[in-house]
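The exercises below are meant to be worked with the sequence and the model side by side. Please try each task before reading its solution.

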Amino acid sequence: MATNATQENQQAKEAAVRAHPCGGRCCECGTSRGLETFDTFRFSMCRLCAAVYLMNKTQAMETFALSPRDLRDLPFCFRGRRYCFLKTMLQEYACQKYGGSEGLEQKLERRQEQREQREEANESVLLDAKFLFAGLMVLAVHRFPFA
């Protein structure tokens with residue numbers, strides 16, 4: 001009985017894959033091995049292509065300068081416990097938001113500059129703290145030479 005149930009489940013999965021527009025094959029490379037069905041996007045993709053064409057939430061925010069609020073409006077699927085988005089949809093949305101690919105590039109450059117400025121500021125604060133600590137240690141040694 002257990003084998004009948006597993007066979008029925010397998011047949012149901014195969015029927016669901018065939019029902020998608022790609023007809024039981026990967027929409028990108030055409031293989032029929034290792035398919036994952038993405039109901040949200042209405043296609044099937046092999047695992048290798050999914051690794052290339054899907055992006056998790058963190059990667060999407062960093063690569064396309066999108067906020068969590070922006071991503072909330074886009075269709076997504078779950079792979080494991082991660083939210084995954086289709087790269088082409090992310091790129092189209094980002095270009096629309098920033099007025100084309102040039103606007104997106106400018107936004108990413110500004111973000112990089114801000115990140116570098118923050119890192120420089122953090123380094124200077126860290127150096128100041130090290131010198132302060134070293135100065136306090138010198139004072140402590142001079143005040144209490146036998147401690």
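**Exercise 1.** Decide whether Asp-70 is buried or exposed, and find which residues Asp-70 touches.

Solution. Asp-70 has a relative accessible area of 9% and is therefore buried, where buried means under 20% relative accessible area, exposed over 50% and partly exposed in between, with a 1.4 Å probe and protein chains only. Asp-70 has its place in helix H4 (residues 68-72); helices (H or I, at least four residues) and strands (E, at least two) are DSSP runs, numbered from the N terminus. When residues up to four places away in sequence are not counted, Asp-70 touches Tyr-93 and Lys-97, a contact being heavy atoms within 4.5 Å.

Before continuing, note that this is a predicted model, in which local features need pLDDT of at least 70, side-chain atom pairs count only at pLDDT 80 or more, and totals for chains, interfaces and linings use all residues. Residues are numbered from 1 along each chain as its sequence is written, and side-chain values use heavy atoms, with hydrogens and water left out.

**Exercise 2.** Describe how E1 and E2 are paired, and which side chains of E1 are buried.

Solution. Strand E1 (residues 35-38) and strand E2 (residues 43-46) pair in the antiparallel sense over four bridges, and two strands count as paired if DSSP finds at least two bridges between them. Leu-35 stands opposite Cys-46 in E2. The two strands E1 and E2 form a hairpin with four residues between them, and Arg-42 in the turn has a positive phi of about 65 degrees. Side chains alternate along E1: Glu-36 and Phe-38 point to one face and are buried, whereas Leu-35 and Thr-37 point to the other and are not.

**Exercise 3.** Work out the strand order of the open sheet of three strands, and then place the helices that pack on this sheet.

Solution. The order is E3-E5-E4, with antiparallel pairing. The edge strands are E3 (54-56) and E4, each of which pairs on one side only. Neighbouring strands are turned by 50 degrees against each other on average, direction ignored; axes are lines fitted to C-alpha atoms, for helices over the stretch in contact, and angles run from 0 to 180 degrees between N-to-C directions. Helix H3 (residues 57-64) packs on the sheet, touching E3 and E5, and its direction makes about 95 degrees with that of E3. Helix H5 (residues 87-98) also touches E3 and E5 as it packs on the sheet, with its direction at about 70 degrees to that of E5.
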